[in-house]
Amino acid sequence: MQPRIEKSIAIKLASELVPICVGLLMDYMAKRNGWIKMPKEFEQIRKNSNLDDSYVLAYEEENRILSCLMKSLFPGDPTKQLNQFDDEFQAIKEDEKLKFVDSYLCEKLGGDLFYLFEKISNATNEDQEIARKELEALSENEKREIFLSMQLFFAYIYAYFYNHIALMVHGQKLTTLVPLALKGDKKAFCRAIQIDRNILTGHPYFRDTYARLQTGEDPNFLNSVTAYIDRPAIKCRIDYPALYMLFAVLDGFKWLNDMKAREILDLYNGMGLNGDKGYIEDENSVIKKRIEYRNKQKNGY
């Protein structure tokens with residue numbers, strides 16, 4: 001079992017990642033009655049970069065998702081640069097580590113992740129035309145490097161988001177469900193495709209299995225697969241989707257149970273997430289919602 005990251009780092013990363021995931025969850029779930037789909041701007045970038053559905057291969061192993069992000073940030077020699085980052089991180093004082101990570105993300109991403117997400121989502125036709133002309137002016141090697149970084153970055157965004165939706169809904173990440181499915185676990189197979197249907201087209205095992213089922217090999221399994229394909233990821237109303245997404249990200253870092261309700265509430269308020277339909281009043285409300293979140297993971301949505 002991998003050790004969990006330090007709490008201060010988990011909080012910092014959550015503050016960067018949760019707003020992105022919340023935007024995807026709230027905007028697109030609301031418009032599709034529980035069906036979750038990425039914004040058309042993201043889908044267009046995925047298409048233009050030739051990423052297609054291959055990002056689902058990252059679900060085979062947890063580290064592959066983080067690797068996509070790291071390789072997008074370090075297109076040259078990611079191993080060497082990651083080792084350098086780790087050496088620098090370990091050398092600094094404990095109370096300076098959070099500031100170090102914060103400045104590091106800003107340097108690599110030209111700002112925070114949420115800013116990058118907003119910039120892409122709100123790009124006008126004029127912005128896109130400017131970007132196209134800038135790209136055309138680059139050398140072929142520079143273009144290849146940009147497309148590779150874009151592929152890897154969006155592979156990370158897609159895989160990270162759906163991985164934590166699976167954790168929210170089923171209590172297991174796709175990085176758990178997919179390896180179980182590869183070992184023949186039919187329930188894990190169904191749960192995985194309910195969260196991200198691109199697995200059926202992007203992963204050879206899932207694609208071949210589904211095609212084989214069409215021949216009548218296992219009609220009961222096919223009925224189950226069909227039922228999960230027709231079932232939205234989140235069937236019932238979530239009164240506090242932003243809080244639930246925060247729970248899922250902290251859960252992914254293995255800190256949800258051990259963080260105090262006050263810490264979660266402060267993080268929630270600090271990210272401006274109290275724009276949910278309901279207002280999280282106090283620590284007791286956080287505790288109750290955390291219990292509710294756990295119960296939904298066990299009993300379903």
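The exercises below concern cysteines and salt bridges in a predicted model.

**Exercise 1.** Determine how many disulfides the structure holds, and classify Cys-21 and Cys-190 as buried or exposed.

Solution. Step 1: the count of disulfides is 0. Step 2: Cys-21 has a relative accessible area of 3%, and the value for Cys-190 is 3%. Step 3: buried means under 20%, so Cys-21 is buried and Cys-190 is buried.

**Exercise 2.** Find the salt-bridge partner of Glu-16 and place the pair in the secondary structure.

Solution. Step 1: the partner is Lys-12, with 2.9 Å between the closest N and O atoms. Step 2: a salt bridge requires such atoms within 4 Å, and the pair meets this cut-off. Step 3: both residues belong to helix 1 (residues 7-31), where 4 residues, about one turn of the helix, separate them. Step 4: Glu-16 and Lys-12 are both buried.

**Exercise 3.** Locate the two residues of the salt bridge between Lys-173 and Glu-62, and assign each an accessibility class.

Solution. Step 1: the N to O distance is 3.0 Å. Step 2: Lys-173 sits in the loop between helix 8 (140-170) and helix 9 (174-182), while Glu-62 is in helix 3 (residues 62-73); the pair, 111 residues apart, links distant parts of the chain. Step 3: Lys-173, at 11%, is buried, whereas Glu-62, at 31%, is partly exposed.

**Exercise 4.** State how many salt bridges a search of the whole structure finds, and name the residues joined into one network by shared partners.

Solution. Step 1: the search finds 12 salt bridges. Step 2: one of them pairs Glu-217 with Arg-212 at 3.2 Å; Arg-212 is partly exposed, at 38%. Step 3: Glu-43, Arg-46 and Asp-53 form one network through salt bridges that share partners.

Terms used:
Residues are numbered from 1 along each chain as its sequence is written. This is a predicted model: local features need pLDDT of at least 70, side-chain atom pairs count only at pLDDT 80 or more; totals for chains, interfaces and linings use all residues. Side-chain values use heavy atoms; hydrogens and water are left out. A disulfide is a pair of cysteine sulfur atoms within 2.5 Å. Buried means under 20% relative accessible area, exposed over 50%, partly exposed in between (1.4 Å probe, protein chains only). A salt bridge is a side-chain nitrogen of Lys or Arg within 4 Å of a carboxyl oxygen of Asp or Glu.
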